[in-house]
Amino acid sequence: MFQKILIANRGEIALRVLRACKELGIQTVVVHSTADSDAMHVRLADESVCIGPPPSRESYLNIHQIVAACEITGADAVHPGYGFLSENAKFADILAAHNITFIGPSGDHIRIMGDKIEAKRTAKRLGIPVVPGSDGAISDEKEAKRIAAAIGYPVIIKASAGGGGRGMKVARTEADLEVALQTAKSEAGAAFGDDAVYIEKYLEKPRHIELQVFGDGAGRGVHFGERDCSLQRRHQKVWEEANSPALNAEERARIGGICAKAIADLGYSGAGTIEFLYENGEFYFIEMNTRLQVEHPVTEAITGIDLVHEQIRVASGGGLSVKQEDIKFNGHAIECRVNAEDPRTFTPSPGTITHFHTPGGLGIRVDSGVYSGYRIPPYYDSLIGKLIVHGRNRVECMMRLRRALDEFVVDGIKTTLPLFRDLVGNPDIANGDYDIHWLEKYLAKEE
Ligand code: ADP
C-alpha cells in the first residue's frame with residue numbers, strides 16, 4: 001500500500017480523495033494555487049504545496065510543478081481527481097518515468113480513449129455496441145454525403161478530439177451537411193488544434209446511460225451498474241441517478257456483462273465509465289472516461305462500495321476488494337450538482353458564501369469543499385457541492401430529496417438549488433420520464 005498520496009486537484013473532489021486516504025491510513029499531500037490557500041483541502045491535508053498562480057495552466061495543469069511537489073514531499077502516488085490532468089496521458093507517462101504511481105489507467109489506455117475515433121474503433125472491436133456511422137475521420141464532403149445517405153438523416157458531425165460538447169453539429173438533410181461539416185471542422189480545429197471529424201446517426205430522443213466499470217490490470221473486469229445522466233444543459237450533467245429509471249435488471253446485467261468483459265479483454269486498470277446513448281431498448285457507445293466521475297457517489301450509495309478505496313487498492317497492486325457477484329444494487333440514489341450559478345441563466349455567480357448550512361439525516365450525503373465565509377475564486381468551475389440522496393426505492397429517494405433541498409441553505413451567492421426544488425416537484429421527473437433534451441426544453445418554456 002502507498003505511504004503518501006499527492007492529490008492533484010481542488011474543491012470537493014480533493015476532499016473526497018483525502019477522506020479515502022485518511023480512512024486507509026495514507027498520508028496526504030495537496031497542491032494548490034495562490035487563489036486556494038484558504039481551501040478546505042489545504043486545511044485538512046497533512047501537507048500542502050503551493051504550485052503557482054490562480055490560472056489552472058500555471059498551477060493545477062502544471063506538470064513540472066506537480067512532479068516537483070511529489071519529489072519534495074516524497075509522495076509515492078498521485079490521485080488526479082476528475083478534470084485537470086486526470087485524462088492526460090503525458091502526465092501518467094511522466095509520473096511512471098519518475099517511479100510515481102498514477103492512480104488511474106496506463107497512459108496508453110488514456111490515449112486510446114481520448115481520441116474518439118480510436119475509442120469507438122476499440123469499443124467495436126471489444127464487442128460494445130456503437131452508434132452507426134463512419135469508420136474513421138471524414139475526408140471530404142462527398143464521403144460525408146455517401147455515409148449520411150447510408151445511415152439515414154439526421155446525422156451528427158463530431159470532433160475526434162472533442163470534449164465538453166464542443167465541435168458537434170447536426171445535419172437534418174443533405175442540404176445542411178456542407179455547412180455542418182465546415183463548422184464542426186473549424187470549431188474542432190480552433191478548440192482542440194485537430195480538425196478531424198467523424199459522422200454518426202443522430203439519435204432523436206435518447207437517454208444518457210453510463211456504466212461504471214473497473215479493471216484490476218490483471219485481466220479481471222467488473223461493472224458497478226449504471227447511472228442515468230440524461231438531465232443535461234449544454235451537454236453538462238445536472239442531475240444523476242442510479243439506477244436508471246429506464247432499465248430493468250436483465251438489461252443492466254446484459255450491458256454490464258458486455259462492459260465488464262471488454263474491460264477485462266483490454267487489460268484495463270482502475271476506474272472507468274463507458275458512456276452510452278440509449279434509445280428504444282438499444283445501447284450506443286459514445287465515449288469512455290478513464291477516470292473517476294463527478295457523479296460516482298450515486299453508484300457508491302446503491303452498492304455501498306467506496307470507489308476511491310478501490311482505485312487506490314488497484315493502483316497499489318492489491319486488486320479489487322470485490323468480485324462481480326459481491327456487487328449488489330440497493331435502493332435508489334440521486335445526485336444534484338449545486339453550482340454557484342444563476343438557476344435560470346446559469347451565469348457564474350462567484351463571491352463570498354455568507355452562510356452555508358447542509359442538510360442531514362438518513363440517506364443524505366453532501367460532498368463539498370466550501371464553508372460559511374468562503375470566497376469562491378472566479379478561476380475554476382462553478383461546482384460548490386453535490387447533494388446525494390439515497391432511499392430504499394425511487395419514491396422514497398425523491399421524498400427525501402425534496403426535504404433535503406428545503407434544508408440546504410447557501411447565502412451570499414446564487415446557486416442552482418432553486419432549479420432542483422422545481423425539478424423535484426415536476427411530474428415527468430417524478431415518473432422518471434425524460435430524455436437528454438428534456439431539461440433544455442423545460443428551461444426554454446420557463447423563460
Ligand atoms: P463530449 O466528449 O464533447 O461530451 P460526447 O460524445 O460525450 O461528447 O457527446 C456529448 C453529448 O452530445 C451526449 O451526451 C449527447 O447529449 C450528445 N450526442 C453525442 N452523440 C450523439 C448522437 N449520435 N445522437 C444524439 N446526440 C448525441
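Contact here means heavy atoms within 4.5 Å. The model is predicted.

Q: Among contacts between residues at least 6 apart in sequence, what share joins residues at least 24 apart?
A: The count takes in contacts in the protein between residues at least 6 apart in sequence. Of these, the share that joins residues at least 24 apart is 66%.

Q: What radius of gyration does the protein have, set against that of a compact globule?
A: The chain has 447 residues, and a compact globule of that length would have a radius of gyration near 22 Å. The value for the protein agrees with this, at 21 Å.

Q: What percentage of the residues count as buried?
A: A residue is buried when its relative accessible area is under 20%. Of the 447 residues, the part that meets this is 57%.

Q: How far apart are the mean positions of the positive and negative charges?
A: The protein has 51 positive and 61 negative charges. Their mean positions are separated by 1 Å.

Q: Which strands stand at the edges of the five-strand sheet, and why is one side of each without a neighbour?
A: The sheet is open and its pairing is parallel, with the strands in the order 3-2-1-4-5. Each edge strand has a single partner strand, so one of its sides has no neighbour in the sheet. The edge strands are strand 3 (47-52) and strand 5 (101-102).

Q: Which residue of strand 2 is the bridge partner of Ile 7?
A: Strand 1 (residues 4-7) and strand 2 (residues 27-33) run parallel and are joined by four bridges. For Ile 7, the bridge partner in strand 2 is Val 30.

Definitions and conventions: Residues are numbered from 1 along each chain as its sequence is written. This is a predicted model: local features need pLDDT of at least 70, side-chain atom pairs count only at pLDDT 80 or more; totals for chains, interfaces and linings use all residues. Side-chain values use heavy atoms; hydrogens and water are left out. The radius of gyration is taken over C-alpha atoms; the globule rule is 2.2 Å times the number of residues to the power 0.38. Buried means under 20% relative accessible area, exposed over 50%, partly exposed in between (1.4 Å probe, protein chains only). Lys and Arg count as positive and Asp and Glu as negative; His and the chain ends are not counted. The place of a charge is taken as NZ of Lys, CZ of Arg, CG of Asp or CD of Glu. Two strands pair if DSSP finds at least two bridges between them. Helices (H or I, at least four residues) and strands (E, at least two) are DSSP runs, numbered from the N terminus.
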